[in-house]
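Visitor: I should like to learn how to read the features of a model of this kind. May we take the features one at a time?

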Amino acid sequence: VEADRMRVSVIGTGYLGATTAACLAEMGFEVLGLDVDEAKIEMLRSGRVPFFEPGLDELLGKSLKSGRLNFTTSFSEVAEFADLHLICVGTPQRDESGAADLRYVNAAVEQLAPHLNRPAVVVGRSTVPVGTAATMASRLAALAPVGEEAELGWSPEFLREGFGVEDTLRPNRIVIGTDSPRVEKAVRALWQQQVDEGVPFLVTDLQTAELVKVSANAFLATKISFINAMAEVSEVAGADVIQLAEALSYDDRIGGKFLGPGLGFGGGCLPKDIRAFMARADELGVEPALSFLREVDAINQRRRARTIDLARQLIGGSFAGRTVTVLGAAFKPNSDDIRDSPALDVASTIASLGAQVTVYDPVALERARAEHPQLNYADSMLEAARGADVVLLLTEWTEFREANPDELAAVVAQKRIVDGRNALDPTFWRASGWTYRALGRQ
Ligand code: UGA
């Protein structure tokens, strides 16, 4: 089989799976995407992406047209079609314990395995607690008619929402956890173009591969909370965390990325991944090794509280009966994902304290409306800001970064703004008569 005609199945068509499927088809592979959600499969078949991801619509349309990408809900069909199966299902937070919910990963393996009648390679891409893959490998071999010839490896992905296409087509590294030459060969064939272009290809054991993913996310979360801890200190010490971060960034051992102080991290990955990592460390008896992540989480939560405090101070101490505008609902710009969105968390808390809160977001309104019906929603920034006692910028969309302070001033009741993402130029806004407050600055 020629590498570029290799047939691949992608199990799970959420953010990760749908992006992976379309990108692999773009790279020349024959791809069959599977999801148990019929409605999602119908949408994808008709060329519609069920979520907002820049560039993915176009790629999906192109891949469907080329005939290289198809979708199904049938496990027997994917088993018949492909020799390489990628598991891209979600691993949400299970409950209060913070542990990962592995039910979708388990179900994917259990439903695929009975159909594997010829040698097959199954590669997990989902983020899982260390130790999961080894269990899955034995489960797969036990359930598959071909037995040990159904082999499992783990190859975490590192794509960012909003940059999913770019990060998949041009990853900064490929990691495959396996001790099987056949699994390694299949994964190498998948990324041959990228490897030829110089993308590092690392072969590790299963446990290391699983750990690479969670430790990368733990590091990123730690970096964000580090600078947010410096913001807390700056607030009381009279310093400016933006200048501090810039000065730190010129030391290339530190670097400037993920050193942006503000409302902190949210989304479907960083928050749940650090909690699942701590829960796993606890199970493994190495809880102290990750106890610092509890602080990382706590610092992150305190930024939300501080943002609310700044707004409350600006309006004289109480939210009761006040009109509040929240700009942003997505957990970050270029995404319609509202999972653990700091913006919506802050908006809901302020509403629960008695204010009328109106939210505007360029793409996440529909999702926000469905999950937070107690908030008001507006279809534009200016409409949302009408009559506001205070405006909070909580997701740094370009539209907000480039907002005209005079235009906004014309519709609000009071020119007061809390910049929760340090996205605006304070001098510019103050010059237009606004009372401007931000996290980590005076
Ligand atoms: C994250 C990782 O960055 C990806 O590498 C990883 O593959 C992915 O999780 C995953 O596990 O699937 P993502 O959740 O899409 O990606 O979002 P990020 O771009 O990492 O942003 C996370 C949060 O951190 C956002 O709420 C963002 O606003 C916040 N952030 C980011 C800051 O508060 N400050 C910064 O300087 C950077």
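Visitor: How do the residues of the shell around the ligand divide into nonpolar, polar and charged?

Guide: Please bear in mind throughout that this is a predicted model. The shell around the ligand holds ten nonpolar residues, seven polar ones and four charged ones.

Visitor: Which residues come nearest to the ligand?

Guide: Among the 21 residues around the ligand, the nearest are Glu-161, Gly-260, Phe-265, Gly-267 and Cys-269.

Visitor: Which helix gives the largest share of that shell, and which domains does the shell draw on?

Guide: Helix α10, residues 206–237, supplies the largest share, with three residues. As for domains, at least three residues of the shell come from domain 1 (3–204), and at least three from domain 2 (214–297).

Visitor: What is the full domain assignment of the protein?

Guide: The assignment gives domain 1 (3–204), domain 2 (214–297) and domain 3 (302–438).

Visitor: How far apart are the C-alpha centres of domain 1 and domain 3, and how many residues does the contact take from each?

Guide: The two C-alpha centres are separated by 38 Å. To the contact, domain 1 contributes five residues and domain 3 contributes seven. On the side of domain 1 that touches domain 3, three residues are nonpolar, one is polar and one is charged.

Visitor: Let us turn to helix packing. At what angle do helix α1 and helix α3 pack?

Guide: One reads the angle together with the separation of the axes. Helix α1 (residues 15–26) packs against helix α3 (residues 56–66) at about 55°, and their axes are 9 Å apart. Angles under 35 degrees count as roughly parallel and 65 to 115 as roughly perpendicular, so α1 is oblique to α3. The crossing of this pair is left-handed.

Visitor: Which residues of α1 and α3 meet?

Guide: From α1 come Ala-18, Thr-19, Ala-22, Cys-23, Ala-25 and Glu-26, which meet Leu-56, Leu-59, Leu-60, Lys-62, Ser-63 and Ser-66 of α3. By class, this contact comprises seven nonpolar, three polar and two charged residues.

Visitor: How do the axes of helix α5 and helix α6 cross?

Guide: The axes of α5 (residues 103–112) and α6 (residues 132–143) come within 9 Å and cross at roughly 25°. Since angles under 35 degrees count as roughly parallel, α5 is roughly parallel to α6. The crossing of α5 past α6 is right-handed.

Visitor: Which residues make the contact of α5 with α6?

Guide: Helix α5 contributes Val-105, Val-109 and Glu-110, while α6 contributes Thr-132, Met-136, Arg-139, Leu-140 and Leu-143. Five residues of this contact are nonpolar, one is polar and two are charged.

Visitor: As a last case, how do helix α13 and helix α14 pack?

Guide: Helix α13 (residues 292–314) and helix α14 (residues 342–352) pack at about 50°, with axes 10 Å apart. The two helices are therefore oblique to each other. In handedness, α13 passes α14 in a right-handed crossing. The contact involves Arg-304, Thr-307, Ile-308 and Ala-311 of α13, together with Pro-342, Asp-345, Val-346, Thr-349 and Ile-350 of α14. These residues divide into five nonpolar, two polar and two charged.

Technical notes
Residues numbered from 1 in each chain as written. Predicted model: local features only at pLDDT ≥ 70, side-chain atom pairs only at ≥ 80, totals over all residues. Near = placed C-beta within 6 Å. Helix = DSSP H or I, 4+ residues; strand = E, 2+ residues; numbered from the N terminus. Nonpolar A, V, L, I, M, F, W, Y, C, P; charged D, E, K, R; others polar. Domains from an automatic or database assignment. Axes fitted to C-alpha atoms, helices over the stretch in contact; angles between N-to-C directions. Parallel < 35°, antiparallel > 145°, perpendicular 65-115°, else oblique. Left-handed = near helix turned anticlockwise from the far one by under 90°. Contact = placed C-beta atoms within 7 Å.
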